[in-house]
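User: I would like to go through the reasoning behind some of the descriptions given for this model. Please set each value against its criterion before drawing a conclusion.

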Amino acid sequence: MSSVKTDKYQHHDYYLVEDLLQDDHRMARDAVREWVKQEVSPIIEDYSERAKCPQHLFKGLAEIGAFGPSLPVQYGGGGMDEIAYGVIMQELERGDSGIRSMASVQGSLVMYPIYRFASEVQKMKYLPKLGSGEFIGCFGLTEPDHGSNPSGMTTNIKDDGDAYILNGAKMWITNSPVADLAVVWAKDEEGKIRGMVVESGWKGFSAPEIKGKLSLRASITGELVFEDVRVPKENVFPEVRGLKGPLSCLSKARYGIAWGAIGAALDCYDSALRYSLEREQFGKPIGGFQLTQKKLAEMITEITKAQLLAWRLGTLANDGKATPAQISMAKRNNVNMALEIAREARQIHGGMGITNEYPIMRHMMNLETVLTYEGTHDIHLLITGMDVTGINAFK
Ligand code: TGC
Ligand code: FAD
């Protein structure tokens, strides 16, 4: 009995979601799972402890198809569907939320807007190199004084003949200190939000690192500071205006996070289940006590509900029917689920749970960021509230 239960991943697909996947989903998932085992798991505690980003993994992430899995192949993507994208994010986040972040930003927040909004020339200029990991990108929406409310942004562009002059500052930008380019959102002279590709080598561009993070430590985060940066007009997305530009990218990334969080939860659950069967107190495994079983039973129940939510959202996304509010519900529920599971798993590990011999505290600390970025837990609740009542709590 216990040999079956300690077999990794054996008990993690309680409702046989596996059967709902196609062969190409399974192949993508297994390849990424193997890559994470080989390349991420052995080094991640060390990088996280030292607060260093394992930048050498960018190339490997590109090779396993983690950048834009559901974008067309000719634009540097993987040409797969949204469920393949989801299972890839799940396996990356089983390793570490910061590694999933590297892929989310590059694929969904940098490649996706360029694919969706840039001219054909710009697409061909940037997308293949982003897809291969030769270029690293970042996404600048949040500002020091405008986080949940990006429509208040003050970063701006002014027309100057063949270019725009960009001024302002962005805050909390994943990968900015190591990025070759940034997708930046700024207001034009009419106050309309515009998107553009800004290269990091241009005069007036800087990206100082934000230090002292106790969460997502293996991911590098910085500011973006623009001092009279000259952005050629061809680098500004021609058509899209307003907040729906950046928000549509967020929909894509939030969808990936809804899947990714399941990976972190599975890693915590797996560790807790094993520990509960190995650790003895009062003459028997702690997994034999009702209170431990309650924790484990609730954990696998919540993981199973999250898996079904993500899978159904994936089928809706494949049909082009997933609404932003449905994505908000899944992001909010699944990230919160993963954080709660990390906390319960930590208790099951007792004192050992606070050490880096187990992945629990790292996942727990990471998930505090995941709960906040891409729209906070409460912002997503208000999006659902707005959807069901028709009344906008933000105005
Ligand atoms: P609101 O008036 O509701 O909407 C403005 C326009 O946008 C449309 N829209 C969307 N379009 C596509 N996708 C979505 N998810 C959309 N949500 C709204 C909407 O229909 C409207 O279109 P139109 O045609 O009428 O102009 O805007 P609002 O100013 O009231 O704001 C609403 C609110 C609060 C929900 C929004 O501002 C919000 O989502 N705030 C949270 C901000 C956020 O999520 N920031 C994330 C920054 S990036 C990040 O965290 C990356 S982490 C990277 C990593 O993984 O490491
Ligand atoms: P605030 O908006 O100030 O919110 C503070 C609190 O107030 C929250 O609890 C919030 O829910 C609550 N609140 C705000 N408004 C309301 C309301 N109307 N009703 C009820 N409660 C409300 N951004 C990017 O653009 N690109 C990135 O790559 C990126 N990467 C990130 C990486 C990390 C490690 C972190 C921590 C953040 C990152 N972000 C990024 C920024 C992230 O999206 C913001 O932190 C997030 O949107 C919240 O903004 P804020 O931190 O300014 O909090």
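The exchange below takes up a pair of helices and then the surroundings of a ligand in this predicted model.

User: Why are helix 4 and helix 10 called oblique to each other?

Analyst: The axes of helix 4 (residues 82-95) and helix 10 (residues 360-372) come within 10 Å and cross at roughly 130 degrees. Angles of 65 to 115 degrees count as roughly perpendicular and those over 145 as roughly antiparallel, and the crossing falls in neither class, so the two helices are oblique to each other.

User: Which residues make the contact, and of what kinds are they?

Analyst: Helix 4 contributes Glu93, Arg94 and Gly95, while helix 10 contributes Arg362, His363, Leu367 and Val370. These divide into three charged, two polar and two nonpolar residues, with Gly counted as polar.

User: What makes the approach of Arg254 to ligand 1 a polar contact?

Analyst: A polar side-chain atom of Arg254 lies 2.7 Å from an oxygen atom of ligand 1, and because a pair of N or O atoms within 3.5 Å qualifies, this is a polar contact. The cut-off also admits Tyr373, with an N or O atom of its side chain 3.4 Å from a ligand oxygen, and Leu247, with a backbone N or O atom 3.3 Å from a ligand nitrogen. The protein covers 75% of the 1100 Å² of accessible area that ligand 1 has on its own.

User: Which helix gives the most to the shell around ligand 1?

Analyst: Helix 7 does, with six residues, in a shell of 27 residues that divide into 12 nonpolar, 10 polar and five charged.

Notes:
Residues numbered from 1 in each chain as written. Chains lettered and ligands numbered in written order. Predicted model: local features only at pLDDT ≥ 70, side-chain atom pairs only at ≥ 80, totals over all residues. Heavy atoms only, no water. Axes fitted to C-alpha atoms, helices over the stretch in contact; angles between N-to-C directions. Helix = DSSP H or I, 4+ residues; strand = E, 2+ residues; numbered from the N terminus. Parallel < 35°, antiparallel > 145°, perpendicular 65-115°, else oblique. Contact = heavy atoms within 4.5 Å. Near = heavy atom within 4 Å. Polar contact = N/O pair within 3.5 Å; in protein donor to acceptor, adjacent residues only side chain to side chain. Areas by Shrake-Rupley, 256 points an atom, 1.4 Å probe, with all protein chains shown as cover.
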